[in-house]
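This briefing looks at one helix and at a few backbone details in loops. Please read it alongside the sequence and the structure shown here.

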Amino acid sequence: MRNRWLYTIPLAIFCVLGIYLGIGLTLDPKKLPNMLDGQPVPAFDLPPIKDRGTKGFASTDLEGDVTLVNIFGSWCVACRTEHPYLMKLKQQGAVPIHGIDWREEDPDAGPRWLKRFGDPYTLVGDDPRSKAAIAFGVTGAPETFLVDRKGIVRYKHIGPVNDAVWKEVLQPLIDKLRREKSPEGGS
Amino acid sequence: MLKRLLLATALLFAALPPALAVNPAEVLDDPALEARARDISKGLRCVVCQNQSIDDSDATLARDLRLLVRERLTAGDSNKEVVDYVVSRYGDFVLLKPPFKVATLALWFGPLAFVALALIAAFAFFRRQRRARTETAPAPALSDEQRKRLDDLLKGDGS
């Protein structure tokens with residue numbers, strides 16, 4: 001049998017396919033890549049939510065400081081889970097967090113939610129028609145974007161921010177970004 | 001009677017309008033623009049319910065994307081500009097038909113490669129079989145003794 005090794009080809013193909021498909025099984029199709037990574041924050045200019053007394057929230061507000069942009073909604077269960085941790089970050093003064101109140105059908109729902117559970121945000125914009133959410137490439141709430149001093153998106157976290165995410169990913173990144181001096185020599 | 005019943009049922013189903021996710025209020029006044037919007041929407045994946053197009057999906061985000069598509073078309077964007085914008089936000093994944101580029105070569109040519117492989121294997125297999133058949137030497141002729149024995153056996157079989 002001079003070509004005995006030929007018989008191992010199908011087995012080899014099967015194994016390679018199996019490995020690829022196996023890797024495929026471990027990927028979560030809900031986690032889309034961050035298309036904005038390293039790019040400026042998309043331009044948006046959202047009106048304020050009701051009864052908060054702050055101005056709205058626009059992309060130009062993101063220059064000058066390392067910030068988090070958190071997409072939430074009063075209808076979003078995972079946001080409710082995430083919320084106490086954002087409150088904790090606010091109390092610690094860890095990093096300014098801006099909120100995009102996404103897709104509220106009732107304009108009172110967002111403000112009511114924040115009144116009831118606390119308001120961890122510096123600025124909040126109302127985005128009932130997903131204008132900013134689509135510009136950010138958001139697929140579901142909550143999602144949190146880390147934006148550097150120059151207004152460049154540096155990281156996207158899908159799902160609730162919790163202690164593990166904060167300590168292992170966000171905080172180290174924020175520390176690193178804060179050490180980056182802006183080229184104009186500011187701060 | 002049965003025929004009539006069947007006919008009635010068939011007519012009933014034929015009369016049902018196709019289920020549409022597109023809300024009548026979303027539909028653009030300009031039929032040409034609306035047709036383009038529908039066309040684009042059919043090719044864009046709803047990122048919430050991932051195996052539906054935004055044209056099919058009832059998800060709110062799909063609706064907002066449909067509105068965005070229509071807004072951009074009304075503002076004068078070409079079909080390609082609209083699709084490129086959505087891809088720039090969500091990546092190639094939102095295209096229900098994957099684009100043709102280096103990263104997707106395996107996707108486009110993989111099936112062809114497997115068919116080719118199967119054809120090659122089949123060709124090699126049949127060629128070897130045929131060669132084996134022709135190469136088999138004819139059975140050696142029976143010796144006299146063997147022939148006699150065979151005749152005896154065949155004769156003896158009848159009784």
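The expected span of a helix is taken as 1.5 Å times one less than its number of residues. The model discussed here is predicted, and the notes below apply that rule to helix 1 of chain A before turning to the loops.

**Helix 1**
- Helix 1 of chain A covers residues 8-26, and at 1.5 Å a residue its 19 residues should span 27 Å, which agrees with the 27 Å that separates its end C-alpha atoms.
- Of the 19 residues of helix 1 of chain A, the number buried is 0, so this helix lies largely in the open.

**Backbone background**
- Most peptide bonds are trans, and most residues other than glycine have a negative phi.

**A cis peptide bond**
- The peptide bond that runs from A:Ala141 to A:Pro142 is cis, its omega being near -10°.
- A:Pro142 belongs to the loop that lies between helix 4 (131-136) and strand 6 (143-147) of chain A.

**Positive phi values**
- A:Asp51, a residue other than glycine, has a positive phi near 55°, and it is found in the loop between strand 1 (45-46) and strand 2 (57-58) of chain A.
- Because 12 or fewer C-beta neighbours within 10 Å make a residue exposed, A:Asp51, with 12 other C-beta atoms within 10 Å, is exposed.
- A:Ser130, also a residue other than glycine, has a positive phi near 60°, and its place is in the loop between strand 5 (124-127) and helix 4 of chain A.
- Because the cut-off for a buried residue is 20 or more such neighbours, A:Ser130, with 22 C-beta neighbours inside 10 Å, counts as buried.

Note on methods: Residues are numbered from 1 along each chain as its sequence is written. Chains are lettered from A and ligands numbered from 1 in the order in which they are written. This is a predicted model: local features need pLDDT of at least 70, side-chain atom pairs count only at pLDDT 80 or more; totals for chains, interfaces and linings use all residues. Helices (H or I, at least four residues) and strands (E, at least two) are DSSP runs, numbered from the N terminus.
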